[in-house]
Amino acid sequence: MQAVQKYNAIMTGNEAVAFGAKLARVGFISAYPITPQTTIVEKLAEMVANREISAHYVEVESEHSAMAAVFASELVGVRSYTATSSHGLLYMHEMLHWTAGQRLPVVMSVVNRALGPPWNIWTEQTDSMNQKETGWLQVYCESNQEALDSILMGYKIAESPDVLLPLMSMEDAFILSHTSEPVILPDQDQVDSFLPPLNLSFRVDLKNPMGYGSYSTPDGPYMELRKDMMDSLRNSRKVISKVTKEFGETFGRNYSGLIEKFMMEDAEYAIIASGTLASTGKYVVSKLRQEGKKVGLIRVRFFRPFPDLEIAEAVTDLKGVGVIDRSTSYGSAGPTALEVRSALYGKSEIPVAAFIAGLGGRDVKVEDFEKMFQYVEQGKTGNFYINVKEAC
Amino acid sequence: MPLSIPKEEFMEPGHTACHGCGATLSMRYVLKGMGPNTVVSVPAACWAVIPGAIPNRTLDVPMVYTPFAATGAAITGLREAFNILGKEDYNVVGFAGDGGTADIGLQSLSGAMERGHNVFYIMYDNEAYMNTGVQRSGSTPYGAETTTTPVGKDRNFKRQRKKVVADLMMAQGVPYVATATIAYPEDLIRKITNAKNVKGPKFIQILSPCPVGWYYPSEKSVEISRLAVQSGVFPLFECIHGQLKVTRQSKPIRLSEYLSAQGRFSHMEEEDVRNVQEYIDERMNFLLELEQKSGK
Ligand SMILES: Cc1ncc(C[n+]2csc(CCOP(=O)(O)OP(=O)(O)O)c2C)c(N)n1
């Protein structure tokens, strides 16, 4: 599909999301540098300096402050953007809950990077997986184009009155963030008609002075407000499908909603993966298909809301499935595997193998995928670390 | 003499503060000085609770609540967003306790001041974490007993001197820095008015006595506030663009009068009081020297 479209730029994932923010006409940006996110904020600073973007950019002194600043500006009704990675994202954690709890549709780019110690700047998803309970929507991108497009779709989804929750859009460190790919930069006019200006109904207003986030007793509205966040995340599924479809009709690039199915028709075995792991996975699936194996791949785009129904439906006719996590939940299994097992419980008896692969940026190779497919075909159900060196 | 305190109220009756709460008076006076075009941001602190539970409110201006460490950054975002919308005339006011200012919020405060946003940061200084039950903060003075500096057998009262954030702000070159307290509401409101005429960040530290944490009868807050100034414990000053003016004491009192009025100092022995007096003298000399230098 993309082959027939005309690329008009070659850029890294970080440049692509900076252009995404620009095209989304964000009014306020606040951020703090961290490898490998830094080139996003540098690019935006350059755009501001050259008046290529009319946003106001504040370089704060920490990520906690970056999120607090965009929280406040969004509450005033200005579309706001930030970007971070790894330790910066963890440093924001308190403000992530606060921003979601205040129902502010901030959009943030996250470059997935490992956590120390020891320091490691390469890709891993534990940083954003640690934030899955914050009430933010999460989308994991596979290409620079998708990273750009997810900013545009992201604001539209997050700002929908049926959602009103923040969204973080992920790209893998270096594999996307620092790798140049052909990208189609959409027309500003087209983006403007797709994404109207923010109109936040409860923004700070002197004529109607309110308290934003004061406090609630156990019998106050607290529990209802929390349930409403859950309901909105559920509703966001419909909004995501609608917006993705509308995006496809407007721009000619079709993303398939919460999950993407690759060669899943008549498949007997499949692997579930997200981010750029899915790209290697697709290559291996094509290769195995040529060898006559009936295999497929499901790419998890949205992790929040989790596509439990979509995955349950996609695997109904399979004989086995494997789930790859590029992150860990110590003392348990990979976050995606846990979600998948929970999604299938009572609906499907197929064996689920859980793989942890590529931590700290370790390459996940074609042969690793082949091995994982072998495990799946053998009907294995345990938790496996892939490509771990023997203790030396 | 005409009344110099504006009649207009921006604080409604019915709030949930303790009797005699100094921080409540501080807010009332600050808003009288600010006027109606004001948005207040408060972090975790007594002032996050004083306005009452949802759906109640106490102020007639919008209040944005944030996590404990976020005040400096929150007023940054509010200020810039209002500017983007052409509302440069709004007063954006951070209103945080001493813990939220001297300790956990110092980084975001310092960042906001350094960046130079046109904001007010009011530190209401009740010299401990009061909302959580009187724990020591960096702004708790030498000698005070708190629940985390209990005197006990080891006489473990706070042994370190007060971290005076207003002094830090002067050192950082913040264009408007002042101290004030509720015993002198006209002075306090005049300082707000002066601050409004300064473009850029403004920092005012308001001593706000707390009967619950300082252990004195709740009707004495204003009196204690006055004694703090007269004894030299809390000097009043104003520093505009580096020009410092220290208020001279017309009726100085003995330090012991201030200390003995509060239970938190009741364990203090002569030597401890001498330590406090030494601190007072040192700090006053420091301020006067600074005043002299800044006058040149
Ligand atoms: C990150 C974080 N740590 C601790 C707390 C608990 N806490 C809430 S208010 C407070 C004390 C506030 O003290 P201060 O800033 O002096 O204001 P005051 O309560 O005296 O008005 C503390 C420790 C919190 N809300 N958030």
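# Two chains, a shared sheet and a ligand

Visitor: Where is Pro36(A) found?

Guide: Pro36(A) is found in the loop between β2 (28-31) and α2 (38-49) of chain A. Keep in mind as we talk that this is a predicted model.

Visitor: Is the peptide bond from Thr35(A) to Pro36(A) cis or trans?

Guide: That bond, from Thr35(A) to Pro36(A), is cis, and its omega is near 0°. Chain B offers a cis bond too, from Ile54(B) to Pro55(B), with omega near 5°. Pro55(B) has its place in the loop between β1 (38-42) and β2 of chain B. For background, most peptide bonds are trans, and most residues other than glycine have a negative phi.

Visitor: On that note, what is phi for Arg25(A)?

Guide: Phi of Arg25(A) is near 55°, a positive value in a residue other than glycine. You can look for Arg25(A) in the loop between α1 (13-23) and β2 of chain A.

Visitor: And what about the phi of Arg155(B)?

Guide: Arg155(B) has a positive phi as well, near 50°. Arg155(B) belongs to the loop between β4 (120-125) and α5 (165-171) of chain B.

Visitor: Let's switch to the interface. How many residues of chain A are in contact with chain B?

Guide: On the chain A side there are 35 residues in contact, and they meet 37 residues of chain B. Between them, the two chains bury about 2800 Å², with 72% of it on carbon and sulfur atoms.

Visitor: Which three residues supply the most of the area that chain A buries?

Guide: Those are Leu206(A), Pro209(A) and Tyr215(A), which supply 24% of the area chain A buries against chain B, more than any other three residues.

Visitor: How many polar contacts does the rule find across the interface, counted as residue pairs?

Guide: The rule finds nine residue pairs in polar contact between chain A and chain B, taking pairs with both residues at pLDDT 80 or more.

Visitor: Which elements of chain A supply at least two residues of that side?

Guide: β3 (56-59), α3 (63-76), α5 (93-101) and β9 (211-212) of chain A each do so. α3(A) gives the most, with nine residues. By type, the side of chain A that touches chain B divides into 20 nonpolar residues, eleven polar ones and four charged ones.

Visitor: What's the salt bridge count between chain A and chain B?

Guide: The count is one salt bridge. In that pair the side chains of Arg115(B) and Glu61(A) meet at 2.9 Å, N to O. Glu61(A) comes from the loop between β3 and α3 of chain A, and Arg115(B) from helix α4 (residues 106-115) of chain B.

Visitor: And how many salt bridges over all chains?

Guide: The structure holds 39 over all chains. One of them joins Arg103(A) to Asp228(A), whose closest N and O atoms are 2.8 Å apart. Arg103(A) lies in the loop between α5 and β5 (107-112) of chain A and Asp228(A) in helix α9 (residues 222-251), so this pair ties together parts that are 125 residues apart in sequence.

Visitor: New topic: how many strands form the open sheet?

Guide: Nine strands form it, with mixed pairing, in the order β9(A)-β2(B)-β1(B)-β3(B)-β4(B)-β6(B)-β5(B)-β7(B)-β8(B). β9 of chain A and β8 (243-246) of chain B are the edge strands, each pairing on one side only.

Visitor: Do β9(A) and β2(B) pair in the parallel or antiparallel sense?

Guide: β9(A) and strand β2 (residues 63-65) of chain B pair in the parallel sense, over two bridges. If you want a residue to look at, Tyr212(A) has Val64(B) as its bridge partner in β2(B).

Visitor: How many bridges join β7(B) to β8(B)?

Guide: Four bridges join them, and strand β7 (residues 237-240) of chain B runs antiparallel to β8(B). In β8(B), Leu244(B) is the bridge partner of Cys239(B).

Visitor: Last one: where does the ligand lie?

Guide: The ligand lies between chains A and B. There are 17 residues around the ligand, and those that come nearest are Gly99(B), Gly100(B), Tyr124(B), Asn126(B) and Asn131(B).

Visitor: How far is an oxygen atom of the ligand from the polar backbone atom of Gly99(B)?

Guide: For Gly99(B), that distance is 2.8 Å. A polar backbone atom of Asn131(B) is also 2.8 Å from an oxygen atom of the ligand. For Ala128(B), a backbone N or O atom lies 3.0 Å from a ligand oxygen.

Conventions. Residues numbered from 1 in each chain as written. Chains lettered and ligands numbered in written order. Predicted model: local features only at pLDDT ≥ 70, side-chain atom pairs only at ≥ 80, totals over all residues. Heavy atoms only, no water. Contact = heavy atoms within 4.5 Å. Buried area = accessible area lost by both parts, 1.4 Å probe. Salt bridge = Lys/Arg side-chain N within 4 Å of Asp/Glu carboxyl O. Polar contact = N/O pair within 3.5 Å; in protein donor to acceptor, adjacent residues only side chain to side chain. Nonpolar A, V, L, I, M, F, W, Y, C, P; charged D, E, K, R; others polar. Pairing = 2+ DSSP bridges. Near = heavy atom within 4 Å.
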